[in-house]
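These notebook entries record what I looked up in one protein model. I went through strands, disulfides, core and salt bridges in turn.

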Amino acid sequence: FGETRSDLYCKIADVMIVAEWISPSSASCTTPDTLDAGNYSVGISANAIDFVVAPVQLQVRPALQIMGAAEAFLTGPMRGGSIVTMTGTGFDSAHLRLDCSFGGEIAEAAVINTTHLTCISPPSARDAPVPLTL
């Protein structure tokens, strides 16, 4: 890439984006939020006309969507160990590591299939409800 300079552009799926220099040999591009799931070529240019295409493609995965969690998660012992089952879309164990957060305590999710996963609640220091996030 040469010297760090301000004129640098990425092109992903015919969408041109202003890139940010990270160092003289690397840059960062924000993925357009209009891309559908799929594989895309990525090009980089210092003049917004002549693009060099990367030898690898960008893979955009479907967005995760949480639709619900099993009723069992509403209560559980402070010692943890409760199995929480979440339903949604976009879960894929082959390409993704998912974690559940129980009030900031992280537990790795076990992906059952593309629409179901489970987490085991960790111990909690407080006897109160905690937010559950994925």
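The entries below follow the order in which I consulted the structure, which is a predicted model.

**Entry 1: the sheet that holds β1**

I began with strand order. An open sheet of four antiparallel-paired strands runs β2-β1-β5-β6. I noted β2 (15-18) and β6 at its edges; each has a single partner strand, so one side of each is left without a neighbour in the sheet. From one strand to the next, the twist averages 30 degrees.

I then looked up the pairings inside this sheet. β1 and β5 run antiparallel and are joined by four bridges. Within that pairing, I found lysine 11 opposite glycine 43 of β5. For β5 and strand β6 (residues 52-60), which are also antiparallel, I recorded six bridges. Here glycine 38 stands opposite valine 60 in β6.

The turn between β5 and β6 received a separate check. Their hairpin has six residues between the strands, and alanine 48 takes a positive phi near 65 degrees there.

**Entry 2: the sheet that holds β8**

I next traced an open sheet of four strands in the order β7-β8-β12-β11, with antiparallel pairing. Its edge strands are β7 (65-69) and β11 (110-113), each of which pairs on one side only. Neighbouring strands in this sheet are turned by 30 degrees against each other on average, with direction ignored.

For the edge at β7, I looked up the partner: β7 is joined by four bridges to strand β8 (residues 83-89), and the two run antiparallel. Glycine 68 has threonine 87 of β8 as its bridge partner.

**Entry 3: disulfides**

How many disulfides does a search of the whole structure find? The search returned two. With the bonded cysteines numbered in sequence order, I read the pairing as 1-2, 3-4.

One disulfide joins cysteine 10 to cysteine 29, with an S to S distance of 1.4 Å. This pair links distant parts of the chain, 19 residues apart: cysteine 10 sits in strand β1 (residues 9-12), and cysteine 29 in the loop between β4 (26-28) and β5 (38-45). I checked exposure at both ends. Cysteine 10 has a relative accessible area of 2% and is therefore buried, whereas cysteine 29, at 26%, counts as partly exposed.

Another disulfide joins cysteine 100 to cysteine 119, where I recorded 1.9 Å from S to S. This link is right-handed, with 70 degrees about the S-S bond. Because cysteine 100 lies in strand β9 (residues 99-102) and cysteine 119 in strand β12 (residues 116-120), the pair ties together parts that are 19 residues apart in sequence. Cysteine 100 counts as buried at 0% relative accessibility, and cysteine 119 as buried at 1%.

**Entry 4: the nonpolar core**

Which residues make up the largest nonpolar core? I listed 10 residues: Val84, Met86, Phe91, Leu98, Cys100, Phe102, Ala107, Ala109, Leu117 and Cys119. The elements that give two or more residues to this core are β8, β9 and β12. Both cysteines of the link between cysteine 100 and cysteine 119 appear in the core list.

I also looked up the surroundings of leucine 117. Leaving aside neighbours within four places in sequence, leucine 117 is in contact with residues including Val84, Met86, Phe91, Leu98, Cys100 and Ala109. Further contacts of leucine 117 include Thr85, Ala110, Val111, Ile112 and Leu134.

**Entry 5: salt bridges**

Finally, I turned to charged side chains and found two salt bridges in the structure. Which residues are linked in a network of salt bridges? The network holds Arg97, Asp99 and Glu108.

Aspartate 99 forms a salt bridge with arginine 97, with the closest N and O atoms 3.0 Å apart. Aspartate 99 is partly exposed at 25% relative accessible area, while arginine 97 is exposed at 55%.

Arginine 97 also forms a salt bridge with glutamate 108, where the closest N and O atoms are 3.9 Å apart. I placed arginine 97 in the loop between β8 and β9 and glutamate 108 in strand β10 (residues 105-108); the two are 11 residues apart, and the pair links distant parts of the chain. Glutamate 108, at 52% relative accessibility, counts as exposed.

Key:
Residues are numbered from 1 along each chain as its sequence is written. This is a predicted model: local features need pLDDT of at least 70, side-chain atom pairs count only at pLDDT 80 or more; totals for chains, interfaces and linings use all residues. Side-chain values use heavy atoms; hydrogens and water are left out. Two strands pair if DSSP finds at least two bridges between them. Axes are lines fitted to C-alpha atoms, for helices over the stretch in contact, and angles run from 0 to 180 degrees between N-to-C directions. A disulfide is a pair of cysteine sulfur atoms within 2.5 Å. Buried means under 20% relative accessible area, exposed over 50%, partly exposed in between (1.4 Å probe, protein chains only). A nonpolar core is a set of buried Ala, Val, Leu, Ile, Met, Phe, Trp, Tyr and Cys residues joined through side-chain atoms within 4.5 Å. Contact means heavy atoms within 4.5 Å. A salt bridge is a side-chain nitrogen of Lys or Arg within 4 Å of a carboxyl oxygen of Asp or Glu.
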